[in-house]
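Here are some notes to read with the model open beside you. I have gone through the helix pairs and the sheets in turn, and I hope the points help you find your way around.

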Amino acid sequence: MKIAVGQFAPTADTARNLETMRRQAEEAAAAGAGLIVFPEEAMLAERLIGEDFAVRVLEGWSGFVQQLSFLAARTRIAVLAGGYETSADGRPYNTLVTVGADGAILGTYRKLHLYDAFSHRESDRIRPGDRGVTVVPVGELRVGMITCYDLRFPEVCRAVVDAGAEVLAVPAAWFAGEHKVDHWQALLKARAIENTVWVVAADTCSEHTIGRSAVLDPLGVVVAEAGEEETVLCAEVDRARIDEVREVVPVLANRRFAPNAAISDPDGEVPAAGAEERS
């Protein structure tokens with residue numbers, strides 16, 4: 001399956017963002033893509049909104065998801081994008097949603113690790129996720145979702161893979177700063193290599209973020225990469241490459257630890273993985 005990445009700079013105007021996504025989805029569909037991955041905050045850019053942020057989310061989330069469904073059905077490709085979902089305590093969830101090519105919602109993922117780092121406190125305005133990991137079927141592949149800062153936590157990425165993911169989708173709004181491009185590129189490679197899965201990373205390209213969206217194969221080879229401008233990337237992604245790499249580098253089969261388990265016994269029996277799967 002060909003997978004596309006739509007890199008752009010979300011604004012505070014959801015309708016404007018959806019128009020950009022429509023244009024990029026049509027370009028991806030024309031190139032033969034079966035899925036397009038958009039960045040975190042594709043719905044609207046939180047940092048550009050003042051005190052009425054929660055109100056904007058309350059008014060906008062359901063409409064945003066509905067428009068993604070219309071977009072997917074119109075272009076006949078699956079769509080994965082980030083937005084803000086209402087919650088009970090007034091702080092919205094930072095949520096990803098995947099919609100199938102028929103417009104049906106395949107699954108959602110609420111960001112688990114909030115960006116309370118580098119002098120930023122996402123948790124002041126956003127509620128952390130409470131549903132574990134999410135893996136959904138898209139075409140013949142299984143796609144797992146994480147969001148931005150989650151990339152710095154190898155355990156959540158491994159949980160997604162244990163739940164069956166063959167593609168790790170990483171929508172992000174990766175802030176610019178000293179060493180931040182190096183961190184982004186190194187972490188994308190590490191998550192691909194250590195899990196032997198495809199990584200499809202969609203970043204925003206605003207004045208505060210780095211762009212550099214990319215697609216990496218299960219050996220960590222960058223097969224497509226963007227610069228700092230709005231663009232659409234496309235790359236062929238298949239399970240055969242995963243099988244090929246795992247034949248040579250069987251790290252998942254060789255590991256001695258599994259989730260919630262001590263080291264395996266001396267005879268080499270590996271405890272069964274227990275990651276939650278949602279679809």
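**Notes on helix packing and the two sheets**

1. Let me start with a pair of helices in this predicted model. Helix α1 (residues 14–30) packs against helix α2 (residues 53–75) at an angle of about 20 degrees, and their axes are 10 Å apart. With angles under 35 degrees counted as roughly parallel, α1 and α2 are therefore roughly parallel to each other. The crossing in which α1 passes α2 is right-handed.

2. Which residues make this contact? From α1 come T14, L18, M21, R22, A25, E26 and A29, and from α2 come F64, Q67, L68, L71, R74 and T75. By character, the residues of the contact of α1 with α2 are seven nonpolar, three polar and three charged. As a reminder for reading such lists, an α-helix has 3.6 residues a turn, so residues three or four places apart point the same way.

3. Next, please look at the sheet that these helices pack on. Six strands form this open sheet, in the order β5-β4-β3-β2-β1-β12, with mixed pairing. The edges are taken by β5 (105–110) and β12 (231–236); each has a single partner strand, so one side of each is left without a neighbour in the sheet. On average, neighbouring strands of this sheet are turned by 25 degrees against each other, direction ignored.

4. Within that sheet, strand β1 (residues 2–7) and strand β2 (residues 35–37) run parallel and are joined by three bridges. A4 has I36 as its bridge partner in β2. Helix α1 packs on the sheet, where it touches β1, β2, β3 (78–85) and β12, and the direction of α1 makes about 35 degrees with that of β12. Helix α2 also packs on the sheet, touching β3, β4 (93–99) and β5; the direction of α2 makes about 170 degrees with that of β3.

5. There is another open sheet to inspect, again of six strands, in the order β6-β7-β8-β9-β10-β11 and with mixed pairing. Its edge strands are β6 (135–138) and β11 (222–225), each of which pairs on one side only. From one strand to the next, the twist averages 20 degrees. Inside this sheet, strand β8 (residues 167–172) and strand β9 (residues 198–203) run parallel, joined by six bridges. One pair to look up is A172 with D203, its bridge partner in β9.

6. A further helix pair deserves a look. Helix α3 (residues 154–162) and helix α4 (residues 180–195) cross at roughly 45 degrees, and their axes come within 11 Å. That angle makes α3 oblique to α4. Their crossing is right-handed. The contact is made by P154, C157, R158 and V161 of α3 together with R191, E194 and N195 of α4. The residues of this contact of α3 with α4 divide into three nonpolar, one polar and three charged.

7. What covers the buried residues of α3? The buried residues in this helix are V156, C157, A159, V160 and V161. Their cover includes β6, β7 (141–145), β8, α4, α5 (239–248) and α6 (251–254). Two of these buried residues, C157 and V161, also belong to the α3 side of the contact with α4.

8. A last small point concerns what comes after α3. The helix is followed by G164, which has a positive phi, near 110 degrees.

Technical notes: Residues numbered from 1 in each chain as written. Predicted model: local features only at pLDDT ≥ 70, side-chain atom pairs only at ≥ 80, totals over all residues. Heavy atoms only, no water. Axes fitted to C-alpha atoms, helices over the stretch in contact; angles between N-to-C directions. Helix = DSSP H or I, 4+ residues; strand = E, 2+ residues; numbered from the N terminus. Parallel < 35°, antiparallel > 145°, perpendicular 65-115°, else oblique. Left-handed = near helix turned anticlockwise from the far one by under 90°. Contact = heavy atoms within 4.5 Å. Nonpolar A, V, L, I, M, F, W, Y, C, P; charged D, E, K, R; others polar. Pairing = 2+ DSSP bridges. Buried < 20%, exposed > 50% of the residue type's maximum accessible area, 1.4 Å probe, protein only.
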